[in-house]
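This report is an introduction for a reader who has not met this structure before. Please look over the sequence and the model first.

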Amino acid sequence: MPKYIFVTGGVVSSVGKGITVASIGTILKSRGVTVAVQKLDPYLNVDPGTMSPYQHGEVFVTRDGAETDLDLGNYERFIDIEVTADSNVTSGQIYSTIIAKERRGDFLGGTIQIVPHLTNEIKARFKKLADKSGAEVILIEVGGTVGDIEGQPFLEAIRQMRNDVGRENVLYIHVTFLPYLNSTGELKTKPTQHSVNELRRIGIQPDVIVCRSDYPISEGIRDKISLFCDVEKQAVIPLPTVDTIYRIPLILEESGLGQIIVNRLCIKAQPTDLRDWRNLVERIKTPHEPVNIALVGKYVELYDAYYSVREALYHAALYNDRELKMVWVHSEELDKDGAENLLRTAQGIVVPGGFGVRGIEGMVKAARYARENKIPYLGLCLGMQIMAIEMARHVYNSNEPNSTEFDPKTRYPVIDYMVEQKKMITKGATMRLGNYPCKLLDHSLAAKAYGQPLVQERHRHRLEFNNEYREPLQKAGLIYSGVSPDNTLVEVCELAGHPWMLGCQFHPEFGSRPGRPHPLFREFISVAKGVLREGAQPPLPLQAN
């Protein structure tokens with residue numbers, strides 16, 4: 001019988017449930033316990049694939065092609081697992097399934113209700129993940145905040161699970177925030193009390209309360225929460241704001257949370273082994289020379305829109321003994337102030353994925369700047385298409401080469417819709433999604449980075465490099481260093497004679513891990529760290545010629 005851990009959030013949103021869940025998975029895995037993770041999102045969208053990054057942040061793509069919440073990226077990075085479509089459940093999916101069953105006639109003669117029909121469907125998703133994964137512990141995060149009307153069916157479903165699978169097989173963890181009042185100089189527990197009362201009102205008594213705070217939490221505060229929320233003091237876990245999220249598994253382990261979970265659920269576990277995490281945190285704490293990387297995107301006002309890209313760069317910088325200094329450049333600003341002004345300190349330039357024509361010309365300017373000034377460039381999905389467009393404009397000495405996404409009537413459609421995409425009417429989940437193979441060219445930058453001839457990477461796009469332009473751009477120096485096994489799709493482009501200019505049609509950022517950066521990011525930073533820009537000094541001692 002698998003064990004279930006349900007994690008809810010209270011007081012405010014964005015309190016850190018996702019990182020907490022990922023960290024719990026890490027400390028369980030460090031004890032030799034197998035873990036599967038699931039995120040419940042109460043919104044009515046079927047998935048976040050058609051949502052604006054300003055609304056939702058990054059869309060994380062699983063290996064099997066599901067467009068999911070960015071928290072699944074944290075699960076993968078922390079626990080070092082690969083999640084699937086079963087790991088993200090939305091209200092939209094649940095309601096769609098129920099309505100489809102009703103139309104098919106599955107409920108003839110009965111009235112469809114939230115309880116039991118909707119809650120049964122939600123619980124079926126829990127059990128499906130448990131059966132398919134075979135994991136000993138199923139970690140389930142309930143998105144949103146206790147009290148949200150759209151989240152009530154999920155809370156009712158997790159309440160029922162304690163009776164369904166046995167009280168000894170379910171643990172409830174509630175993550176809350178303790179606000180600090182400057183006027184009185186104290187942390188306030190009342191919002192946490194109200195949040196727990198709301199949970200208890202619907203029949204859920206938390207077993208553990210994780211208290212997020214920007215300030216140290218005293219023993220008196222823990223006593224108070226224990227008393228009013230009916231939770232043992234040892235199960236009131238302080239989680240203060242830290243300098244790096246990668247310290248959180250260590251903090252939770254030192255607070256005793258791992259042992260509490262093992263004891264309460266009667267899990268057979270090995271002694272914990274977090275040596276790799278301790279070494280990682282020590283490396284993070286060690287001062288390093290900075291490496292300045294400019295990320296040129298259209299959603300840079302919201303860093304979460306590029307969450308996995310930022311983390312992949314961070315992992316790669318750490319591997320190369322550098323401190324990542326991100327320069328967030330809005331692509332539209334490049335048209336106003338000029339590339340030289342905004343990119344003059346960048347040792348490397350990244351153009352990430354995105355959709356729509358806004359800000360595209362600024363990205364093209366960034367690619368041109370990288371090409372002309374020999375600055376390392378990494379293009380991700382759209383970033384590869386931008387690299388191809390810029391190269392075509394250089395070759396044809398014209399500003400007309402473009403993507404048909406941005407200019408449907410362009411005379412030079414260097415980037416064009418895939419044949420099957422031209423017939424699509426709907427937008428949701430209709431792109432090229434998930435893992436696809438890529439064959440690498442011997443002795444190319446990509447092949448040297450990966451160290452193997454064939455790789456699998458995750459995709460999320462509708463358009464491809466137009467094969468009609470392969471030959472003319474190749475003659476001008478564009479190298480197709482990664483292609484589909486049948487040679488019909490260009491997956492990776494490089495520029496001959498450039499220190500490191502590479503674009504890939506896929507999203508390598510999803511495969512990066514804190515102690516194991518993705519090869520393309522690792523090599524990009526390796527070259528970028530040696531680039532001297534404005535105001536920089538060469539490392540000492542200087543080598544004599």
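How many bridges join strand 2 to strand 6? The model is predicted, and in it six bridges join strand 2 (residues 35–41) to strand 6, the two running parallel. Within this pair, Ala36 stands opposite Ile138 in strand 6.

## The sheet

Strands 2 and 6 belong to an open sheet of seven strands, with the order 5-2-6-1-7-10-11 and parallel pairing. The edges are formed by strand 5 (88–90) and strand 11 (236–240); each has a single partner strand, so one side of each is left without a neighbour in the sheet. On average, neighbouring strands of this sheet are turned by 20 degrees against each other, direction ignored.

## Strand 1

In the sheet order, strand 1 stands between strand 6 and strand 7. Its pairing with strand 6 (residues 137–142) is parallel and spans five bridges; here Phe6 stands opposite Ile140. With strand 7 (residues 170–177), strand 1 also pairs in the parallel sense, over six bridges, and Val7 stands opposite Ile173.

Seven of the seven residues of strand 1 (residues 3–9) are buried, so this strand is largely enclosed by the rest of the structure. In a regular strand the side chains alternate between the two faces of the sheet. Both faces of strand 1 are covered: one side has Lys3, Ile5, Val7 and Gly9, the other Tyr4, Phe6 and Thr8, and all of these are buried.

## Helices on the sheet

Helix 5 (residues 114–133) packs on the sheet, where it touches strand 1, strand 2, strand 5 and strand 6. The direction of helix 5 makes about 155 degrees with that of strand 2.

Helix 8 (residues 219–229) lies across strand 10 (208–213) and strand 11. Relative to strand 11, helix 8 runs at about 135 degrees.

## Nonpolar cores

In soluble globular proteins, nonpolar side chains tend to be buried together. The largest nonpolar core in this model has 62 residues, of which Ile5, Ile173 and Ile261 touch the most other members. Helix 1 (residues 17–29) gives the most to this core, with six residues.

Which residues does Ile261 touch, not counting those up to four places away in sequence? They are Ile5, Ile24, Leu28, Leu171, Ile173 and Ile267. A second, separate core has 42 residues, including Ile360, Tyr377, Phe465 and Val531.

Methods:
Residues numbered from 1 in each chain as written. Predicted model: local features only at pLDDT ≥ 70, side-chain atom pairs only at ≥ 80, totals over all residues. Heavy atoms only, no water. Core = buried A, V, L, I, M, F, W, Y, C linked by side-chain atoms within 4.5 Å. Buried < 20%, exposed > 50% of the residue type's maximum accessible area, 1.4 Å probe, protein only. Helix = DSSP H or I, 4+ residues; strand = E, 2+ residues; numbered from the N terminus. Contact = heavy atoms within 4.5 Å. Pairing = 2+ DSSP bridges. Axes fitted to C-alpha atoms, helices over the stretch in contact; angles between N-to-C directions.
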